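Please report on how this chain is organised. Cover the domains, the enclosed space and a handful of individual residues.

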Amino acid sequence: MNKTLSFLAIPMISSVFSVAQAQTNKIIEGILINEKSEPITGATVKLTNTGVTTSTDSEGHFAFHKLSSKTYHIEIKAIGYGKHTMEVNVKDETTNLGPIILKDQSQAIDEVAVYGKYYEHYKFDSISGSLRLKTPILELPQNIQVISSDLMADQQVFDIVDGITRNVSGATRQGHWDNQYANIRMRGSKIPAFRNGMNIEASWGPTAEDASMIERIEFVKGPAGFMLANGEPGGFYNVVTKKPTGNTKGSVTLNTGSFSTYRAALDLDGKLRKDGKLLYRLNVAGQQKDFFTKYNYSNRLVIAPVVTYKVDSLTSLTFEYTYQGSSYLSNGNYTFSPKGFADPGISNDFFYGDPSMEPGKLRDHSAYIYLDHKLNENWKLHAQMAYFNFDMQATSTWLNYMKANGDMPRYYSIGDEHGENSFGQVSLNGEEYTGSVRHRILVGADYGNKKFWGDFRTILDSIPSAPLNVYDPKYGIPGSVFPTLDRSQSVKVRAGGSNYVTSTNYMSFYAHDELAFLEEKLRLSLGLRYTINETIGKTAAADRTDKAFTPRVGLSYSIDKSMSVYGLFDQSFVPVAGTDWEGNTFKPIRGNDLEAGVKKEWMGGKWISTLSAYTIARKNALVADPDPSHVVNGVSFQTQLGETRSKGIEFDVTGEIIRGLNVNANYALTDSKISKDTKEENIGNITPNTAKHTANAFVSYRIQDGKARGLGFMGSVQGMFDRAVGTTKESNFKNYLRTDAGISYQKGKYSISVVINNLLDNRKLLTAGSISKASAAVQKLGGVDYYSYIVEARRNFRMGVTYKF
């Protein structure tokens with residue numbers, strides 16, 4: 001009832017402010033074109049003395065409504081064109097600026113890329129269209145951090161698990177099956193993966209996206225489920241893939257480095273028809289990469305074509321397909337020790353598998369169809385569908401137990417998986433006025449179906465060879481030891497008798513309105529989502545159907561054109577795919593998020609800082625099952641806690657601080673603990689796999705003048721402190737401190753860079769860990785408690801060469 005009343009109050013709020021404010025109905029409008037009289041789409045147009053921002057549509061048109069009679073300062077930015085500023089004195093009801101011609105600055109873009117005006121590439125003023133909202137980041141009542149493809153290129157990251165989290169406050173990655181998927185945590189919980197606005201999170205997925213296909217990654221902190229599909233109370237990350245821009249350009253990048261790393265990537269962007277009605281984007285990447293652990297490797301191929309057809313000036317259709325294929329020897333890089341984490345007696349290149357074991361093969365296909373239609377000047381319709389098909393054929397090994405001398409007898413199992421996901425979304429986005437109150441309205445619906453099958457049967461209870469010893473490992477098990485695997489039946493059939501069959505369906509409807517008052521300085525956001533979810537369990541008794549309303553209220557106020565403060569209350573309802581080790585389906589995760597923050601742009605918008613504080617209550621939280629007897633065929637499960645409470649402070653800085661000096665730095669304090677649990681002794685425990693303090697900084701500087709012009713230097717520090725794994729009330733996991741450094745040179749269309757990772761050669765950089773207690777039966781066999789963990793690579797380097805054309 002209270003939720004309904006909050007929406008009935010919207011007209012009353014609008015009326016009160018309409019009476020309180022003077023009626024203003026003046027308009028500024030114009031059209032941006034290039035020197036060929038072609039419309040410039042997606043340009044940012046800002047009234048700098050009020051902070052109000054809009055963007056040009058498919059025809060290059062922009063408009064500001066409900067203005068007063070005064071002089072406005074306008075700033076126009078568009079990729080590929082020089083910045084344009086102008087003053088407009090508003091007197092008449094409509095001030096039509098007519099066609100505004102922006103000069104092509106393709107030569108200037110090369111100069112920008114070479115000589116360091118990177119704030120336009122590291123810092124974003126707006127979120128992507130896949131998040132549905134038109135409001136600039138500075139004015140949004142939420143903490144959203146964006147990682148650009150340029151920043152990833154400067155850091156020479158190859159995929160989503162390759163150091164991405166250093167760029168966002170409080171984001172950490174828990175290592176696991178790194179060859180397969182990312183496992184990113186934020187604000188006390190694992191956050192789901194989104195791609196182009198769709199929740200594609202899976203039991204062991206999605207496949208970690210290759211950097212070649214990524215345009216940007218948006219970390220949305222807090223629920224914000226109203227934007228698109230359901231999101232965790234801690235937030236989510238949204239991978240935005242590359243789309244055609246309409247500009248003809250391309251690039252080739254070649255990389256090499258330690259551990260036999262060789263990589264090539266091609267990016268082509270252009271027109272298939274001279275009239276611009278048919279556009280394309282093609283990204284291709286191939287990679288051969290050995291891991292720092294002995295024998296293990298990961299070879300990858302990515303093909304990602306996108307085609308956009310402009311039906312007319314109001315309608316466009318986009319078709320996108322992505323193929324990611326990889327082969328590897330082992331999915332993860334675990335180390336085991338009877339003594340403790342980061343055991344100095346175990347070499348950094350320790351491998352728990354064997355070169356004679358069958359390699360794994362992963363094939364991931366995804367396809368999107370997007371429809372965009374402009375109904376009129378104020379309203380747009382967007383619809384999209386997606387289908388994902390994932391298949392993996394693999395084997396795996398794990399230890400049966402650990403002896404005090406380091407011997408670890410192992411078993412051998414099959415590790416086949418198959419997933420099929422389908423999604424659909426439709427949304428209507430528009431802007432209207434009631435009196436002097438501006439409304440940015442978003443309504444829509446989304447649908448998702450996720451299915452997963454897994455065959456993880458044990459093939460050999462004990463590998464008939466001498467146990468692998470972690471202190472003196474000897475490899476080379478005869479291949480005849482391993483049986484030929486029977487895959488004549490599909491994994492769907494083979495998985496039928498196990499707990500590894502899951503299916504989740506959801507449908508949701510949502511509405512959101514951002515009301516702007518006081519010349520749009522004050523913004524009130526009201527949203528509501530209704531979700532219906534069905535989870536199919538192993539038995540009819542395990543099936544679940546859940547329904548929920550989740551409201552949202554946000555408030556943002558612009559102190560001046562470069563600074564805003566905000567407050568937010570948001571709720572989340574997240575269907576959870578998968579089962580526990582007994583085959584029981586999980587309850588949906590429910591969350592309440594309350595936060596406040598301040599955002600400030602500096603130096604005319606060249607860099608931005610964000611400070612936020614939050615508290616989150618998260619019910620039915622998922623954590624790794626700590627019981628070692630629940631590890632089946634090397635596959636660990638999850639279990640649900642009663643409730644966790646997380647609170648914290650986050651600070652981010654991104655952009656060009658001074659000419660040539662670019663910074664991405666952040667700090668987060670995360671205090672997350674179990675507040676409710678069926679076991680009273682667990683209450684007060686630290687939420688597993690959290691770091692109380694994280695601090696990161698990436699700094700790059702490029703010389704702007706003189707003979708050394710174009711020479712650049714970069715450095716990075718990553719830190720995680722007071723970490724906890726398993727069941728504990730005190731920090732019990734080693735601190736993490738990593739340093740990287742690099743040097744680069746850019747001239748014209750060419751660039752070359754060298755990055756040294758783990759510069760100080762820290763051999764105790766752990767990304768995951770757990771402690772397993774030896775059972776009475778294992779102790780009779782000589783088994784002891786043991787530690788399992790993932791350590792990062794010793795000092796290594798990467799070199800990249802790029803040519804842009």
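How many residues of domain 2 are in contact with residues of domain 3, and how many of domain 3 take part? The counts are 73 residues of domain 2 and 130 residues of domain 3. These figures come from a predicted model.

**Domains**

The domain assignment splits the chain into three parts: domain 1 (26–101), domain 2 (129–241) and domain 3 (249–804). Taken over C-alpha atoms, the centres of domain 2 and domain 3 are separated by 7 Å. Domain 2 and domain 3 also meet around the largest cavity, where each gives at least three residues to the lining.

**Cavities**

A search of the whole structure turns up 12 cavities of 30 Å³ or more. The largest cavity holds about 800 Å³ of space. Its lining comprises 43 residues. Nearest the centre of the largest cavity are Val161, Asp162, Arg173, Arg738 and Glu792. By type, the lining has 12 nonpolar, 20 polar and 11 charged residues. Several strands supply at least two lining residues each, among them strand 9 (172–173), strand 18 (278–290), strand 19 (297–310) and strand 42 (690–702). Strand 43 (711–724), strand 44 (736–747), strand 48 (786–791) and strand 49 (796–804) do so as well.

**Residues in strand 49**

Two residues of strand 49 deserve a look. Asparagine 796 lies in this strand, and so does threonine 802.

Is asparagine 796 buried or exposed? Asparagine 796 is buried, because its relative accessibility is 12% and the cut-off for buried is under 20%. The side chain of asparagine 796 reaches the backbone oxygen of arginine 794 at 2.9 Å. Beyond its neighbours within four places in sequence, asparagine 796 contacts Ser258, Phe259, Val755, Ile756 and Asn757. Asparagine 796 and phenylalanine 292 are 504 residues apart along the chain, yet their C-alpha atoms are separated by 9.1 Å.

Threonine 802 is buried too, with a relative accessible area of 15%. Its side chain makes a polar contact of 3.1 Å with the side chain of threonine 253. Not counting residues up to four places away in sequence, threonine 802 touches Val252, Thr253, Lys749, Tyr750 and Ser751.

**A buried aspartate**

Aspartate 455 belongs to strand 29 (residues 437–455). At 2% relative accessibility, aspartate 455 counts as buried. Which side chain does the side chain of aspartate 455 join in a polar contact? The partner is arginine 494, at 2.7 Å. With neighbours within four places in sequence left aside, aspartate 455 is in contact with Ile414, Gly415, Asp416, Val491, Arg494 and Ala495.

**Positive phi**

Most residues other than glycine have a negative phi. Two exceptions follow. Methionine 603 has a positive phi of about 50°. Methionine 603 sits in the loop between strand 36 (589–602) and strand 37 (607–619). Methionine 603 counts as exposed because its relative accessible area, 55%, is over 50%. Aspartate 722 has a positive phi near 55°. Aspartate 722 is placed in strand 43. At 34% relative accessibility, aspartate 722 is partly exposed.

**Two loop residues**

Proline 136 lies in the loop between helix 3 (119–122) and strand 8 (144–148). Proline 136 is buried, at 8% relative accessibility. Apart from residues up to four places away in sequence, proline 136 touches Thr53, Asp125 and Arg440.

Glycine 748 is found in the loop between strand 44 and strand 45 (750–757). Glycine 748 is partly exposed, with a relative accessible area of 41%.

The table lists C-alpha to C-alpha distances for three residue pairs.

| Residue pair | Apart in sequence | C-alpha to C-alpha |
|---|---|---|
| Proline 136 and tryptophan 177 | 41 residues | 36 Å |
| Glycine 748 and asparagine 429 | 319 residues | 41 Å |
| Asparagine 796 and phenylalanine 292 | 504 residues | 9.1 Å |

Conventions. Residues are numbered from 1 along each chain as its sequence is written. This is a predicted model: local features need pLDDT of at least 70, side-chain atom pairs count only at pLDDT 80 or more; totals for chains, interfaces and linings use all residues. Side-chain values use heavy atoms; hydrogens and water are left out. Helices (H or I, at least four residues) and strands (E, at least two) are DSSP runs, numbered from the N terminus. Buried means under 20% relative accessible area, exposed over 50%, partly exposed in between (1.4 Å probe, protein chains only). A polar contact is a pair of N or O atoms within 3.5 Å; within protein, one must be able to donate a hydrogen and the other to accept it, and residues adjacent in sequence count only if both atoms are side-chain atoms. Contact means heavy atoms within 4.5 Å. On a 1 Å grid over the protein atoms alone, a cavity is a set of points where a 1.4 Å probe fits but cannot get out, and a pocket is an open set with protein on both sides within 12 Å along at least five of seven lines; lining residues have an atom within 4 Å of a point. Grid points are joined across faces, edges and corners, and a volume is the space filled by probe spheres set on the points. Ala, Val, Leu, Ile, Met, Phe, Trp, Tyr, Cys and Pro count as nonpolar, Asp, Glu, Lys and Arg as charged, and the others, Gly among them, as polar. Domain bounds come from an automatic or database domain assignment.
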